[in-house]
Amino acid sequence: MKLKKQVTVCGAAIFCVAVFSLYLMLDRVQHDPTRHQNGGNFPRSQISVLQNRIEQLEQLLEENHEIISHIKDSVLELTANVEGPPALLPYYTANSSWVVPPEPRPSFFSISPQDCQFALGGRGQKPELQMLTVSEELPFDNLDGGVWKQGFDISYSPHDWDTEDLQVFVVPHSHNDPGWIKTFDKYYTEQTQHILNSMVSKLQEDPRRRFLWAEVSFFAKWWDNINAQKKAAVRRLVGNGQLEIATGGWVMPDEANSHYFALIDQLIEGHQWLEKNLGATPRSGWAVDPFGYSPTMPYLLRRANLTSMLIQRVHYAIKKHFAATHSLEFMWRQTWDSDSSTDIFCHMMPFYSYDVPHTCGPDPKICCQFDFKRLPGGRINCPWKVPPRAITEENVAERAGLLLDQYRKKSRLFRSNVLLVPLGDDFRYDKPHEWDAQFFNYQRLFDFLNSKTDLHVQRTGVEPGARPPGFPVLSGDFFSYADREDHYWTGYYTSRPFYKSLDRVLEAHLRGAEILYSLAVAHARRSGLASQYPLSNFALLTEARRTLGLFQHHDAITGTAKEAVVVDYGVRLLRSLVNLKQVIINAAHYLVLGDKETYHFDPEAPFLQMDDTRLNHDALPERTVIQLDSSPRYVVLFNPLEQERLSVVSLLVSSPRVRVLSEEGQPLAVQISAHWNSATDMAPDVYQVSLPVRLPALGLGVLQLQLGLDGPRTMPSSVRIYLHGRQLSVSRHEAFPLRVIDSGTSDFALSNRYMQVWFSGLTGLLKSIRRVDEEQEQRVDMEFLIYGTRTSKDKSGAYLFLPDGEAKPYVPKDPPVLRVTEGPFFSEVVAYYEHVHQVVRLYNLPGVEGLSLDVSLLVDIRDYVNKELALRIRTYIHSQGTFFTDLNGFQVQPRRYLKKLPLQANFYPMPVMAYLQDAQNRLTLHTAQALGVSSLRDGQLEVILDRRLMQDDNRGLGQGLKDNKRTCNHFRLLLERRTTGREPGFFSKLAAMLRGLIFHNSRSRNQEVQDGLSTSYPSLLSHLTSMYLNTPVLALPVAKRQLPGPALRSFHPLASSVPCDFHLLNLRTLQAEDDSLPSAETALILHRKGFDCGLEAKNLGFNCTTSQGKVALGSLFHGLDVVFLQPTSLTLLYPLASPSNGTDIYLEPMEIATFRLRLG
């Protein structure tokens, strides 16, 4: 013990010396007179001197960082091994607030200075096309372009192709939605299986025929229903290039609401299936139908080793601009990329739709005549009243000339002589006669054109994906989408929010189940107990992967399918959620046992209960109530985060007389509260016990509950109810102090160690936040708003947001009943309105939980007619028309409020966060479900919570949105302060120095967008806040059993901590030859996050260290060795290096990397 103290003291002394020498060096660099000569222009000889000094400085900083890390490890080790006195109890102060004494262990926030440079940007060349700038500069006028209504007249000279022939690639395809107007199974039975069956026979008739397919979900279902002979034929067609699988994901996903975990997962599921069954490796992306495009998708495709991609639904004004500037084909690059490693070649289709009338050229009236499914006598015709004509010897010259004219006009929009012409539409080629009509007629046209060399045109099959140089580089996204006039597709960012929320619950459970299953199987194999373990749970994982994948489809998570289809999705989501809870329970049961030999799997009598249950697919979860009696009850807690976590865990119990003990039997302080059925009615025989628990990273903790009182440690919450003059009876319980206030309206505050939060006594809504170290309050007030829809023929629907003007205040019939609960570990304000119940909770804990406000809104608008409910947050932040939204939870995109566009055009998707900032503050709204967001005025954020619309919006659905559910929207509100650099001393000099090296002039952060800096990053605290919100602790009660039961031990899977800028995205067991069983290999997927160091990180109260992108995987897992490690492409189809003995890995910021891993 004495020795360890001496080590710590020595370490601290060395640290002080290093800091002081660094300080002196900085002082010399900053006061070096040569630095200020010639207005800052250095002579060449002195530039190298400065570079050397910078390198020395960086080296010293890194050594300094390593010293801090060693000291931190020593101190943590010391404090962890000290059996100190039991934790001090919270106490109530004279000024009516609870104080939780600090823990005896210190916390560290140690960030390598090099890791801070990434977010400062300034690396690499600027792209020619930055979408933020394009949108600011475009007039967005909607001039009539003639036959190409949204474009312009196109002219050409017949001699344009004299030197180089026009090469035309005609690509037959069929777009199959895995659910939209019909359910997935009904589409398969009635249409898709016939398309695929016909494909096999019709492609075999002529080796020149080609066909493109994208959705593996349908293909896999069909594959399971065909014989070996047909499977062999399909493999031949793939092998000889007649059948091309494009993208190869489980679905063609929505790119606005989908989270990047789910986007990657459905891509892996599709690619793994293709490799195993067809030996196919997709090379090109194909996304004709998603309603706007995110740069996350090209990043993922590139990392999966695809080389090109195609998109279609882009704002018509952007298409016109890109066509006019020959920019429809471009290299799509990520905003942070300095070396073009993320570049992928992208083709944007120029016209209105991906159907045949809008793909051969600019004139749909002519192109429709070459859709031979529409020949007279068929079920569909051409709206332009000129039908197609079958191609004969007599008319082939005239028809070919007409078609070639369209091809030539279309080709004038591109830089190369290669022209792509898709030939298909939704669920096309489902009848043999359509195959014949298209292929026979086009073959006659091709044969004629190919025979006329003077026409300088060649017809051929599928584009090979090679690209000549000379294309512009583009960065940014393609939201928000309008297909005509002011019809912006911004409604679907919120449509059916109940299922958007359920999607994320399933995702969090899938990730948790994958990791726990992989660890349990690895430990069971190492202990020789694999035969005892339910390895067959792998089939449940596979089904859940495919369910989550299916729901990423662009008519599923978007909320744009028919009601019966939504029910089908919901039933699938719930079934998979229940299955995943079983997988988690079985893995946790094995891992938490002190003696693994006692493990016995009994599917009829699970060892653990679920944390909650849902009565059906559209019901909110009901938490499990733990029945207390004379024998103790145990609860296993699962932390799905890769960081150690301090959280308040709340359990429902059957008695207010409850004692909670730690795993070692030490009694713990708890807060006991009533459980409420309504604003004023306590639930009988159900109580909530809440306590702070520290849980290991990705690990399991154990609590013991006993009936009985522990006077000083069982602390009841106090409750105030504000009735505002309403005559309501209030239920009481002797265990809880309760005060009823009939008509009080004065404002009140809740506080913790970090902040004081003020609420309106009248509305119960948030008004302001004051940090404890500031005198000034920050305005952060909330209000509810209502949007109506237009009275004209075009109204809002599932896709479109067409409001009747600005939002109007939500005016409730009655003033709300407010219930204020205060206690040692959390306090909360609940405001009960007719259409929304708002809960704002403040945790009284150090660390992530205590630094933000927890906000839940239970929304019920089932009596609304053509109205949308919104939440607005107003601040004094000088945001200057700029706000920031995430894309797929992966990256952040700056946005500008554009006055020239209608209100609905300024809404964007918000899958996980949106923020406002100025030079002093940043306010981030974190969300647990995707919703639409905007900032319509400076200092404001606005979120659409739910929409109820009575009519179709004429985009093919044929229904409004009338199946609303009671929906819980969950948020965290985080107010952060920018570091000012005003504090004297070493660290402010260091910050100023680094800023000076990267920016030659000082600039405030709210100028990011104005100055053309196209990137922004959350802070590390913000990243962690989002993780806490999206991956809650799972509390699994041990089922009641005869005692004595087996001894339970907490499970610590990680031997060392993961750097806090790394996210363990998945540890995904790979399938064996038998689909239903696991192989010995797992896919480890890691993401290194980009983060902004410019936000204050004082007294954060949690441990966080970065490592310049290095992780030692060999020593990461406790009790398991990494016996095989191979870096691969994102979806594991391509090895990126040979398997290595070394297990140290390195990742650049923002990069996602996949490793094939065997644990033993």
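Which residues in α6 meet which residues in α8? I began my notebook with this contact, keeping in mind throughout that I am reading a predicted model.

**Entry 1: helices α6 and α8**

I looked up the two helices and found that V216, F219, A220 and W223 in α6 meet G270, W273, L274 and N277 in α8. Sorting the residues of this contact by character, I counted six nonpolar, two polar and no charged. I then checked the geometry: α6, which covers residues 216-223, packs against α8 at an angle of about 35°, and their axes are 10 Å apart. The crossing in which α6 passes α8 is left-handed.

**Entry 2: α8 by itself**

I next followed α8 along its length, residues 260-277, and tested its span: at 1.5 Å a residue the 18 residues should cover 26 Å, and the end C-alpha atoms are indeed 26 Å apart, so the two values agree. I also looked at burial, and because 16 of the 18 residues of α8 are buried, I note the helix as largely enclosed by the rest of the structure. Just after α8 I came to G279, which takes a positive phi of about 65°.

**Entry 3: I264, a residue inside α8**

I picked I264 because this residue lies in helix α8 and is buried, with a relative accessible area of 2%, where the cut-off for buried is under 20%. What does I264 touch, once residues up to four places away in sequence are not counted? I found L300, L1065, I1085, L1130 and I1152. I also recorded a pair that is far apart along the chain: I264 and G549 are separated by 285 residues in sequence, yet their C-alpha atoms are 9.2 Å apart in space.

**Entry 4: the sheet of six strands and α9**

I turned to an open sheet of six strands and wrote down its order as β4-β14-β10-β11-β9-β8, with mixed pairing. Its edge strands are β4 (129-130) and β8 (284-287), each of which pairs on one side only. Within this sheet I looked at β9 (residues 308-311) and β11 (residues 344-348), which pair in the parallel sense over four bridges, and I noted that L310 has H347 in β11 as its bridge partner. As general background, strands of a sheet pair through backbone hydrogen bonds, either parallel or antiparallel.

I then asked what lies across these strands, and found helix α9 (residues 296-303), which lies across β8, β9, β10 (329-332) and β11 and runs at about 130° to β11.

**Entry 5: strand β42 and its partners**

Is β42 mostly covered or mostly uncovered? I found β42 (residues 921-927) to be mostly covered, with seven of its seven residues buried. N921, L923, L925 and T927 point one way from the strand, while R922, T924 and H926 point the other way, and all are buried.

I looked up two pairings of this strand. β41 (residues 913-917) is joined to β42 by five bridges, with the two running antiparallel, and M913 has H926 as its bridge partner in β42. These two strands form a hairpin with three residues between them. β42 also pairs with β45 (residues 967-977) in the antiparallel sense, over seven bridges, and here the bridge partner of N921 is R977 in β45.

**Entry 6: unusual backbone values**

Before listing these I reminded myself that most residues other than glycine have a negative phi, and most peptide bonds are trans. The peptide bond from F479 to S480 is cis, with omega near 0°, and S480 is found in the loop between β14 (473-475) and α14 (497-526).

N305, which is not glycine, has a positive phi near 80°; this residue sits in the loop between α9 and β9, and at 24% relative accessibility N305 counts as partly exposed. Q880, also not glycine, has a positive phi near 55° and lies in the loop between β37 (867-875) and β38 (882-887). At 36% relative accessibility, Q880 counts as partly exposed.

**Entry 7: the chain as a whole**

I closed with totals for the chain, whose secondary structure comes to 18 helices and 53 strands. Of its 1160 residues, 62% are buried. Among contacts with a separation of 6 or more, I recorded that 76% are between residues 24 or more positions apart.

Definitions and conventions: Residues are numbered from 1 along each chain as its sequence is written. This is a predicted model: local features need pLDDT of at least 70, side-chain atom pairs count only at pLDDT 80 or more; totals for chains, interfaces and linings use all residues. Side-chain values use heavy atoms; hydrogens and water are left out. Two strands pair if DSSP finds at least two bridges between them. Contact means heavy atoms within 4.5 Å. Axes are lines fitted to C-alpha atoms, for helices over the stretch in contact, and angles run from 0 to 180 degrees between N-to-C directions. The expected span of a helix is 1.5 Å times one less than its number of residues. Buried means under 20% relative accessible area, exposed over 50%, partly exposed in between (1.4 Å probe, protein chains only). A crossing is left-handed if the near helix is turned anticlockwise from the far one by less than a right angle, and right-handed if clockwise. Ala, Val, Leu, Ile, Met, Phe, Trp, Tyr, Cys and Pro count as nonpolar, Asp, Glu, Lys and Arg as charged, and the others, Gly among them, as polar.
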